[in-house]
Amino acid sequence: MAVSGFEGFEKRLELHFFGDDNDPTVTTMGLRARALRLLDFESLENVLRVVQCTVVSAVGNHFFDAYVLSESSLFVYPTKIIIKTCGTTQLLKSIRPLIHLAKNLGLTICGCRYTRGTFIFPKSQPFPHINFKQEVIYIEENLPNNLCFRKASVMPSKNPSYSWHVFSAASDNGAHFSDGEFTVEVCMTELDRVLARKFFKTGGDSAAKEMTELTGIGNINPRALICDFVFDPCGYSMNGVDGDRYSTIHVTPEDGFSYASFEYVGSVYDDQDDIVETLKKAVQVFKPATVSVSTTSHRREVWTRVAHAMEPLGLKCRSFAMDEFPTAGTVVFQTFTAARRK
């Protein structure tokens, strides 16, 4: 393991809002249908500057806007914002300015969820990401009192290098997290060296598109509109836009601290085999030695399918943890390692 290198493990923040009239459906169905999407680009850039990252590419559709960042991704829905950043970014510093910007649009925060894995280089992280306790204190100091249902948890695995950190807060209005929606967050380390080399830049302006096709990323969800970006000399990010759902992949291919993440949103009403096939396709792109998968959902159908996707790839489940969070649902954290390794 390298003494120092780029931190691939992301921090992820999800904020939910509702309208002044206390009806959470108004902002999505009524006159303010584009609410948070009305934020001007300069305002978003100012928030990202505090976090210490920038926009490098963007795409949008009728439902939401997706931005590829210099360190991961940003998704802006009418009443929801998701920011995911890697490296030594200060993600949590975005909470206060985002709440302020939303308030100017007539929106009030009603839900917050923060998740991350275990950093490869924890000593390189700046305030307020020095440790999870500090992160929780900082989040709570920056959330209003109406988010009264709060919970923080570190979900363990057999390997202390792979824990899942979750903080969730919600108001007494629990309508902001959809019952039928689920989120899957996949973290992969020790990528296959041959496959990882494909994420080193070799071409020109079309390098990102070529990388998406060459690696098989474009086949994970053929319906998705893909916005991709290649970093110099190596590294890759992409956002997939499919109706009102997103997917995103980020790759740090350097040997010694290679890492890739895959995240997507789905519905429990989809064909359950789709969950299996989507996960299989994503993991096969990298053939990692170790995989951790976190699922957030109100239904058990989701996490029970994860092992069905991993086992045919020679990945064996090594640990399983489950916890409940206020109005956010059940979080299940599973780790897998290649069967050839202990």
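Contact here means heavy atoms within 4.5 Å. I keep that cut-off at hand for the packing notes below, and I remind myself that this is a predicted model.

**Entry 1: helix H4**

I began with H4, which spans residues 132–142. Using the contact cut-off, I found that its buried residues pack against H3, E6, strand E7 (149–155) and E8. Which residues of H4 are buried? I listed Phe132, Glu135, Val136, Tyr138, Ile139 and Asn142. Looking down the axis of H4, I saw these buried residues fall within an arc of 165°, so they line one face of the helix. On the other side I noted Lys133 and Glu141 as exposed. I also checked the N-terminal end of H4, which is capped by Asn131. A side-chain oxygen of Asn131 lies 3.2 Å from the backbone nitrogen of Lys133.

**Entry 2: helix H3**

Next I turned to H3 (residues 95–104), where Ile95, Leu98, Ile99, Leu101 and Ala102 are buried. Down the axis of H3, the buried residues fall within an arc of 165°, so here too I could mark one face of the helix as lined by them. A general reminder helped me read both helices: an α-helix has 3.6 residues a turn, so residues three or four places apart point the same way. Turned away from the buried side of H3 is a face carrying Arg96, Lys103 and Asn104, which are exposed. What do the buried residues of H3 pack against? I wrote down strand E1 (11–19), helix H2 (41–51), strand E5 (80–85), strand E6 (107–116) and helix H4. After H3 comes Gly106, and I noted its positive phi, near 85°.

**Entry 3: strand E1**

E1 was among the partners of H3, and I looked it up next. How many of the residues of E1 are buried? I counted 9 of the 9, so E1 is largely enclosed by the rest of the structure. Lys11, Leu13, Leu15, Phe17 and Gly19 point one way, while Arg12, Glu14, His16 and Phe18 point the other way, and all are buried. Charged side chains such as Lys11, Arg12 and Glu14 are on that buried list too.

I then followed the strand pairing. E1 and E6 run antiparallel and are joined by 9 bridges, with Phe18 opposite Thr108 in E6. E1 and E5 also run antiparallel, joined by 6 bridges, and there Glu14 stands opposite Ile82 in E5.

**Entry 4: aromatic rings**

I finished with the rings and found 12 aromatic pairs in the structure. One of them is Trp164 with Phe333, a stacked pair at 5.8 Å centre to centre with 15° between the planes. This pair links distant parts of the chain, as Trp164 is in strand E8 (residues 164–170) and Phe333 in strand E16 (residues 329–338), 169 residues apart. Are the two rings' residues buried or exposed? Trp164 is buried, with a relative accessible area of 3%, and Phe333 is buried as well, at 1%.

Ring pairs also link Phe64, Phe75, Tyr77 and Tyr246 into a cluster. Tyr77 has a charged visitor: the charged end of Lys80 sits over its ring, 4.5 Å from the centre. I logged another such placement at Phe325, where Lys151 lies over the face of the ring at 5.2 Å from its centre.

Terms used: Residues are numbered from 1 along each chain as its sequence is written. This is a predicted model: local features need pLDDT of at least 70, side-chain atom pairs count only at pLDDT 80 or more; totals for chains, interfaces and linings use all residues. Side-chain values use heavy atoms; hydrogens and water are left out. Rings of Phe, Tyr and Trp (its six-membered ring) pair if their centres lie within 6.5 Å; planes under 30 degrees apart count as stacked, over 60 as edge-to-face and the rest as tilted. Helices (H or I, at least four residues) and strands (E, at least two) are DSSP runs, numbered from the N terminus. Buried means under 20% relative accessible area, exposed over 50%, partly exposed in between (1.4 Å probe, protein chains only). A charge sits over a ring if NZ of Lys or CZ of Arg is within 6 Å of the ring centre and within 35 degrees of the ring normal. The arc is that of the directions from the helix axis to the C-beta atoms. A polar contact is a pair of N or O atoms within 3.5 Å; within protein, one must be able to donate a hydrogen and the other to accept it, and residues adjacent in sequence count only if both atoms are side-chain atoms. Two strands pair if DSSP finds at least two bridges between them.
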